[in-house]
Amino acid sequence: MATISDVARRAGVSTATVSRALNGVSTVDPALVVRVRAAAEELGYQPNGLARNLRRQETAVLALIISDVENPFFTAIARGVEDVAQTAGYSVVLCNSDESAEKERRYIDVALQERVAGVVISPTDEWAGVEMLLGRGTPVVAVDRPLRAGTGDQVLVDSRAAARAATEHLLAAGYRRIGCVTGPKGVRTADDRLAGYRDALGRRRRRERRAEYRAAGGEAATRELLAAAEPPDALLVANSAMAIGVLETLRAEGLRLGRDVGVVAFDDVPWATLIDPPLTVVAQPAYEIGAEAARLLLARIADGSLPPTATTLEARLIERGSSHRG
């Protein structure tokens, strides 16, 4: 990794001039600023923000890059990360990628520029963003969505098995035309939950729709399914944000939850027990995911030679009235 001395040699100036030029000090000759920045870019140099922080005796920083800050699942992950990090003397900066690879890349760039001690990330891609971090020697742990085998630490939930169990529960409850509302193609959790649904149905007819992982996506997918010649009598919903759109659509159509259409949704959100009947959910250990990810990251910061660790936690089905005809 290039140092400030390397940039100074390439630009033919002192390290002090490099520091002033990159920090925007107005007294530096503009021509020198251009030369220094060109040298820094050629060498791939990133200003060491962490070193500056340590010189000012500020707390070490971890970055947490999650895909949707409005989703309670990711909020709980963030709390788990923060609680463990704070105990170890680290602060956590929260970044919301909004399921956008471009936003994720910008946050990764910031994390690299500031030389954060490590990154916990829910990646939009199995490799691209994490490769940037690992390539610069930044410790990283992926949560919720897996990495390529052997490429880094990760904490996951067996979404496929959980979706299969939820669909089997609906079959056992007497529903026969079970549909699945899941997220975008290529998002691993969305793909895994659809695969689990298919595993449970076997050769039975499938009724499935993909949409964005938001309430509007759940609403649009449900309207399409209900408009079919043989609409579903039950739905497996891939996350709690989509579930809001599903439930709003069912109510608008005058369909009774459980009796007319059974519903099971991923994630046990606070409002799940407040609706009538209460919502059956696949509860994922979100807080534990975050806490374990932070522990792995701190261990990786302390010893970068540790072998990659993949931790898989179990989800559990919580049965409530929305998946029973009675």
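1. The largest pocket in this predicted model has a volume of about 280 Å³. Its lining is made up of Ile244, Leu247, Glu248, Leu250, Arg251, Leu255, Arg256, Leu257, Trp271, Ile275 and Asp276, and, sorted by class, these residues comprise 7 nonpolar and 4 charged ones, with no polar residue in the lining.

2. On confidence, the mean pLDDT of the protein is 89, with 93% of its residues reaching 70 or more. Residues 53-59 should be read with this in mind, for the pLDDT there is below 50, and the stretch has 4 contacts in the model beyond its near neighbours in sequence.

3. An open sheet of 6 strands, with mixed pairing, follows the order S7-S6-S8-S9-S10-S12. Strand S7 (207-210) and strand S12 (316-318) stand at its edges, and because each has a single partner strand, one side of each is left without a neighbour in the sheet. From one strand to the next, the twist averages 15°.

4. Within this sheet, strand S9 (residues 262-266) and strand S10 (residues 280-283) run parallel and are joined by 3 bridges. Phe266 stands opposite Val282, a residue of S10.

5. Helix H11, which covers residues 240-252, packs on the sheet and touches strand S6 (178-182), strand S8 (234-237) and strand S9, while the direction of the helix makes about 155° with that of S8. A reader moving between these points may wish to set the residue range of H11, 240-252, beside the pocket lining, which includes Ile244, Leu247, Glu248, Leu250 and Arg251.

Terms used:
Residues are numbered from 1 along each chain as its sequence is written. This is a predicted model: local features need pLDDT of at least 70, side-chain atom pairs count only at pLDDT 80 or more; totals for chains, interfaces and linings use all residues. Side-chain values use heavy atoms; hydrogens and water are left out. On a 1 Å grid over the protein atoms alone, a cavity is a set of points where a 1.4 Å probe fits but cannot get out, and a pocket is an open set with protein on both sides within 12 Å along at least five of seven lines; lining residues have an atom within 4 Å of a point. Grid points are joined across faces, edges and corners, and a volume is the space filled by probe spheres set on the points. Ala, Val, Leu, Ile, Met, Phe, Trp, Tyr, Cys and Pro count as nonpolar, Asp, Glu, Lys and Arg as charged, and the others, Gly among them, as polar. pLDDT is the predictor's confidence in each residue, from 0 to 100. Contact means heavy atoms within 4.5 Å. Two strands pair if DSSP finds at least two bridges between them. Helices (H or I, at least four residues) and strands (E, at least two) are DSSP runs, numbered from the N terminus. Axes are lines fitted to C-alpha atoms, for helices over the stretch in contact, and angles run from 0 to 180 degrees between N-to-C directions.
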